[in-house]
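Please go through the model shown below with an eye to its loops, its paired strands and its packed helices. The report that follows takes these topics in turn.

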Amino acid sequence: LSMAEAPSLAGLVELLCCSGANDHARRSLSQDPINDNSSCGVGINFKPDVSGALYVHSLVPGSPAALDGLITEGDRLEQVDGQYVYRCSLKQVSTVLLGREGTLVRLTMQRPTGGGTERIETVLRRANIKRLRAFHDSYLHGSVLPAEKQQTCLAVRDPDHVRHEQVRLSRSSPSQEQESVHTTPRNGNPYKEASNPWIRDPSPLLVSAAPDSKIDAQKRSTHEIDGLLAAAKLATESQLTAEAEMSYQKALVLDPDHVEALCGLAMLLHSTRSDLSRAESLYQHALRINPMHVASLSHYGLLLRDKYGDDAGGEVYFKRALEIDPSHTDTLCNYALLLTNVKKDHVTAADLFRKALDSNPWHVRSLCGYGMLLQNVNSDFAAARSMYSRALQQDPNHIPTTINLAVLYRDNLNEPRTAESLIIHALKLDPDNHWLKANAAAFRCEPDA
């Protein structure tokens, strides 16, 4: 979008995210819009880029977001209350960002840096932005609002310091995250300076609608849950299934409706096939809370295929997930595998695999699936071996890739001993694998004379 288009676009986004611009919200406004508390925001004006991602264009002066001091112009919106809203439309975002005045909302932003991106999380209290502006206008023009409106002008907590989590993601090593939790002072916030021309005395703006202890407890709980989810992810990558499950369980004790924890635990149970029925229940719970949660949609579609053989149902959920996030790697891979193995639409499947690898060049399942297509459909054995090798470079213990590479070496590259060594390695990783036990003998080589 050109800079010339920005002002009108900013006004549109401001309506969506600060005071409610959808038709239903407009119809529900009271005759006195300043007192309408049904569709309140946090004072962020977003501007979409060419890909549809929403970036902070500006902050409403004196709004919860401006007083909080963490969010700045140029930050990209990632999640609202744990719901992944990257590249969602403005209308979709407004349905989760707006709410009743005084309620809390948790925002996750990504901030571009020189070496990658910086993750910013904060919890804000929704406020009536129209009433806030009316309050500010009264200062600008020397008029005075009624006392009851002054007292309810802004419901936002503004402590001197805010604890927040910053996760720096390195472009050179995307699989590693360095986490640091620190305290950021509010020095330099222009919306708190008494010299600001539109605020004669900032103290009337700092009217807390709830005890600080309640907000502190929620922020502590949020950080604790985030830490547990990070521990669960690390344990899963280290194949410590019991430890990962325990971390997810602890997170759900703190918040039984936490979508990321519900989906994470379901994915763990699903991948280990330890309890598919419970995994199904967890996916359904997550989708009841957030029907737009992409990971839950994608993996629930996969579970429908795995548990019930419901390929049509799985395809419905894959398509729904891709409508929300067309670049979601797991969904692209899941749908490509369905097209390859069931519908035999190899051209579309290859395109989806390539899109998945454009999004994440080291996605193991996509590398393995694309390698199978290159090997069995295109007979491009060199390219297939390259895909399998990249997958095993990322995860040396990925059994499906190990088996596929062994078959490639035995049937297509005439290297039976390499194939045998790969099957032996796979059997050490999973001695109870039914396919390996049934087919291992076919890879056994005769000893040299």
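In this predicted model, Lys344 is found in the loop that lies between helix H13 (329-343) and helix H14 (346-359). Although Lys344 is not a glycine, its phi is positive, at about 55°. With a relative accessible area of 53%, Lys344 is exposed, because the cut-off for that class is over 50%.

Asp81 is another residue that has a positive phi of about 55° without being a glycine. Its place is the loop between S3 and S4, and at 39% relative accessibility Asp81 counts as partly exposed.

**Strands and hairpins**

The turn that holds Asp81 belongs to the hairpin of S3 and S4, which has 2 residues between the strands. Strand S3 (residues 76-80) runs antiparallel to strand S4 (residues 83-84), and 2 bridges join them; within this pair, Gln79 stands opposite Tyr84 in S4. How many of the 5 residues of strand S3 are buried? The count is 5 of the 5, so strand S3 is largely enclosed by the rest of the structure.

S3 also pairs with S5, again in the antiparallel sense, over 4 bridges, and here Arg76 is the residue that stands opposite Gln110 in S5. Strand S5 (residues 104-113) is in turn joined to S6 by 10 bridges, and these two strands run antiparallel. The connection from S5 to S6 is a hairpin through 2 residues, and across the pair Leu107 stands opposite Thr122 in S6. Strand S6 (residues 116-125) is mostly covered, given that 9 of its 10 residues are buried.

Ahead of S5 comes a loop from helix H4 (90-97), and Gly102 has its place in that loop. Is Gly102 buried or exposed? Gly102 is buried, with a relative accessible area of 16%, because the cut-off for buried is under 20%. Although Gly102 and Leu124 are 22 residues apart in sequence, their C-alpha atoms are 9.3 Å apart in space.

A further hairpin is made by S1 and S2, with 5 residues between the strands, and in it Gly52 takes a positive phi near 100°. Strand S1 (residues 44-48) and strand S2 (residues 54-59) pair in the antiparallel sense over 5 bridges, with Lys47 standing opposite Tyr55 in S2. Strand S1 is mostly covered, as 4 of its 5 residues are buried.

The strand pairs described above are set side by side in this table.

| Strand pair | Sense | Bridges |
|---|---|---|
| S1 and S2 | antiparallel | 5 bridges |
| S3 and S4 | antiparallel | 2 bridges |
| S3 and S5 | antiparallel | 4 bridges |
| S5 and S6 | antiparallel | 10 bridges |

**A helix with a buried face**

Helix H8 (residues 241-254) has 14 residues, which at 1.5 Å a residue should span 20 Å, and its end C-alpha atoms are indeed 20 Å apart, in agreement with that expectation. Which residues of H8 are buried? They are Ala244, Ser247, Tyr248, Ala251 and Leu252. When H8 is seen down its axis, these buried residues fall within an arc of 135°, so they line one face of the helix. An α-helix has 3.6 residues a turn, so residues three or four places apart point the same way. On the other side of H8, by contrast, Ala242 and Val253 are exposed.

**Packed helix pairs**

Two packed helices are described by the angle between their axes and the distance between the axes. For helix H9 (residues 259-272) and helix H10 (residues 276-289), the axes come within 8 Å and cross at roughly 155°. Angles over 145 degrees count as roughly antiparallel, and H9 and H10 are therefore roughly antiparallel to each other. The crossing in which H9 passes H10 is left-handed.

Further along the chain, helix H17 (residues 399-411) and helix H18 (residues 416-429) pack with their axes 8 Å apart, at an angle of about 160°. By the cut-off of over 145 degrees, H17 and H18 are therefore roughly antiparallel to each other, and the crossing of H17 and H18 is left-handed.

Conventions
Residues are numbered from 1 along each chain as its sequence is written. This is a predicted model: local features need pLDDT of at least 70, side-chain atom pairs count only at pLDDT 80 or more; totals for chains, interfaces and linings use all residues. Side-chain values use heavy atoms; hydrogens and water are left out. The expected span of a helix is 1.5 Å times one less than its number of residues. Buried means under 20% relative accessible area, exposed over 50%, partly exposed in between (1.4 Å probe, protein chains only). The arc is that of the directions from the helix axis to the C-beta atoms. Two strands pair if DSSP finds at least two bridges between them. Axes are lines fitted to C-alpha atoms, for helices over the stretch in contact, and angles run from 0 to 180 degrees between N-to-C directions. Angles under 35 degrees count as roughly parallel, over 145 as roughly antiparallel, 65 to 115 as roughly perpendicular and the rest as oblique. A crossing is left-handed if the near helix is turned anticlockwise from the far one by less than a right angle, and right-handed if clockwise.
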